[in-house]
Amino acid sequence: MGNENNQNNNQNNQNNNQPVNEKQLLKVRREKLADLQERGKNPFEVTKYDVTNHSQEIKDNYDEFEGKEVTVAGRLMLKRVMGKASFCNVQDRDGNIQSYVARDSIGEDDYKDFKKFDIGDIVGIKG
């Protein structure tokens, strides 16, 4: 009896964890692309972003950098949006660094754009 209940629970859990619908994912990504393009932002345009430092250098020498502005660029690996503020992790050539992103600091329009970023997007951060 105990094994039958476990098997039923496992089957129910598998049904609840259905794979993401690839067509739906592509539809959402295309909608995001169309929205960016309508607003004159081309994500495929090659742009230069001046990087002053890399993640590991900033972490190793945090006291030296405190109060100074640095810029990093890399791939968005994690994003936690919590209302008016968010955290994200960016991975560059040397490692990973976390950033605090506040709507009041970057402005409402830029914060709306940030919330639409996908994991894997390439971003630049200044702060």
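## Close-up views of a predicted chain

**View 1. The whole chain and its surface.** The chain exposes about 10,000 Å², of which carbon and sulfur atoms supply 46%. Keep in mind as you look around that this is a predicted model. Of the 127 residues of the chain, 20% count as buried.

**View 2. The helices and strands in order.** Six helices and four strands make up the elements of the chain. Starting at the N terminus, you can follow them as α-α-α-α-β-β-β-α-α-β. How much of the contact in the chain, at a separation of 6 or more, comes from residues 24 or more positions apart? Such pairs account for 51% of those contacts.

**View 3. A salt bridge between D113 and K41.** The structure holds 11 salt bridges, and this view shows one of them, where the side chains of D113 and K41 meet at 2.4 Å, N to O. D113 sits in helix α6, residues 108-116, while K41 belongs to the loop between α2 (22-38) and α3 (55-60), so the pair ties together parts that are 72 residues apart in sequence. Is D113 buried or exposed? D113 counts as buried because its relative accessibility is 9%, under the 20% cut-off. Its partner K41 is partly exposed, with a relative accessible area of 35%.

**View 4. A salt bridge between D50 and K48.** Here D50 pairs with K48, and the closest N and O atoms are 3.9 Å apart. Where do the two partners stand on the scale from buried to exposed? D50 has a relative accessibility of 56% and so counts as exposed. K48, at 74% relative accessibility, counts as exposed too. For both residues the cut-off that matters is 50%, because exposed means over that value.

**View 5. A salt bridge between R103 and D104, and a network to look for.** R103 forms a salt bridge with D104, with 3.8 Å between the closest N and O atoms. R103 is partly exposed, its relative accessible area being 24%, whereas D104 counts as exposed at 67% relative accessibility. Which residues are joined into one network by salt bridges that share partners? They are D35, R39, K41, D113 and K116. You have already met two members of that network, K41 and D113, in View 3, where their side chains form a salt bridge.

Key:
Residues are numbered from 1 along each chain as its sequence is written. This is a predicted model: local features need pLDDT of at least 70, side-chain atom pairs count only at pLDDT 80 or more; totals for chains, interfaces and linings use all residues. Side-chain values use heavy atoms; hydrogens and water are left out. A salt bridge is a side-chain nitrogen of Lys or Arg within 4 Å of a carboxyl oxygen of Asp or Glu. Helices (H or I, at least four residues) and strands (E, at least two) are DSSP runs, numbered from the N terminus. Buried means under 20% relative accessible area, exposed over 50%, partly exposed in between (1.4 Å probe, protein chains only). Contact means heavy atoms within 4.5 Å. Accessible areas come from the Shrake-Rupley method with a 1.4 Å probe; for residues, only the protein chains shown count as cover.
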